[in-house]
Amino acid sequence: MVPAARHGQNVGVPRRHDPPDLHRRYSLLAALPWLSLPVPALADETHLRVAMRRAEELRDEALRAGDQPFGAVVLRGDTIVGAARSRVVTGTDPTAHAELEAIRDAARRLRTRDLSACVLVSTSRPCRMCEAAAGWAGISRMVYGEALTDAGAPR
Ligand SMILES: [Zn+2]
């Protein structure tokens, strides 16, 4: 499951000049426990980095809009197939987390509820609801930028 040591540990958000060692800077969650099949070739580090950059833009957009500071994208191979920011405040929807919205966006665009070849990239560690949603969607892997607690208390 999720390594407990990651809780509250700021693994940082990469900046443009950071060393390209994504695996050291990010917490990578391996295949979710209910997935037993080998995952297909997943996005490489460059694509993950671009995806994280996009997620950060969405996070900043959420902040500017007066929403919670979260952004997420769904990546399939080298393509961002879903993207969203938090709309909890602006959409008055307590479940409109960035990750959940990004999963919905990807499923709509791909016209499938099976996102098993996809990676969920989010600026903060997904909450249990979004982790469960990723599981239902068959998301193969999750990558996040910092611990959920480091993003600040939800408003
Ligand atoms: Zn969530």
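Two strands are taken to pair if DSSP finds at least two bridges between them. In the predicted model described here, strand 2 (residues 71-76) and strand 4 meet this condition with 5 bridges and run in the antiparallel sense, Leu 75 having Val 119 of strand 4 as its bridge partner. Strand 4 is also joined by 5 bridges to strand 5 (residues 141-146), and here the two strands run parallel; Val 119 is again involved, with Arg 141 as its bridge partner in strand 5. The connection from strand 4 to strand 5 passes through helix 4 (residues 128-137), and the resulting β-α-β crossover is right-handed. Because 7 of the 7 residues of strand 4 (residues 118-124) are buried, this strand is largely enclosed by the rest of the structure.

Helix 2 (residues 45-64) comprises 20 residues, for which a rise of 1.5 Å a residue predicts a span of 28 Å, and the separation of 29 Å between its end C-alpha atoms agrees with that value. The buried residues of this helix are Leu 48, Arg 49, Ala 51, Met 52, Ala 55, Leu 58, Arg 59 and Ala 62. An α-helix has 3.6 residues a turn, so residues three or four places apart point the same way. After helix 2 comes Gly 66, with a positive phi near 85°.

In the loop between strand 3 (79-85) and helix 3 (98-110) lies Val 89, which counts as partly exposed because it has 16 C-beta neighbours inside 10 Å, whereas 20 or more would be required for a buried residue. The C-alpha atom of Val 89 is separated by 5.3 Å from that of Asp 67, although the two residues are 22 residues apart along the chain.

Note on methods: Residues are numbered from 1 along each chain as its sequence is written. This is a predicted model: local features need pLDDT of at least 70, side-chain atom pairs count only at pLDDT 80 or more; totals for chains, interfaces and linings use all residues. Helices (H or I, at least four residues) and strands (E, at least two) are DSSP runs, numbered from the N terminus. The expected span of a helix is 1.5 Å times one less than its number of residues. A residue is buried if 20 or more other C-beta atoms lie within 10 Å of its own, exposed if 12 or fewer, and partly exposed in between; C-beta atoms are placed from the backbone. A crossover is right-handed if, with the strands pointing away from the viewer, the path from the first strand over the helix to the second runs clockwise.
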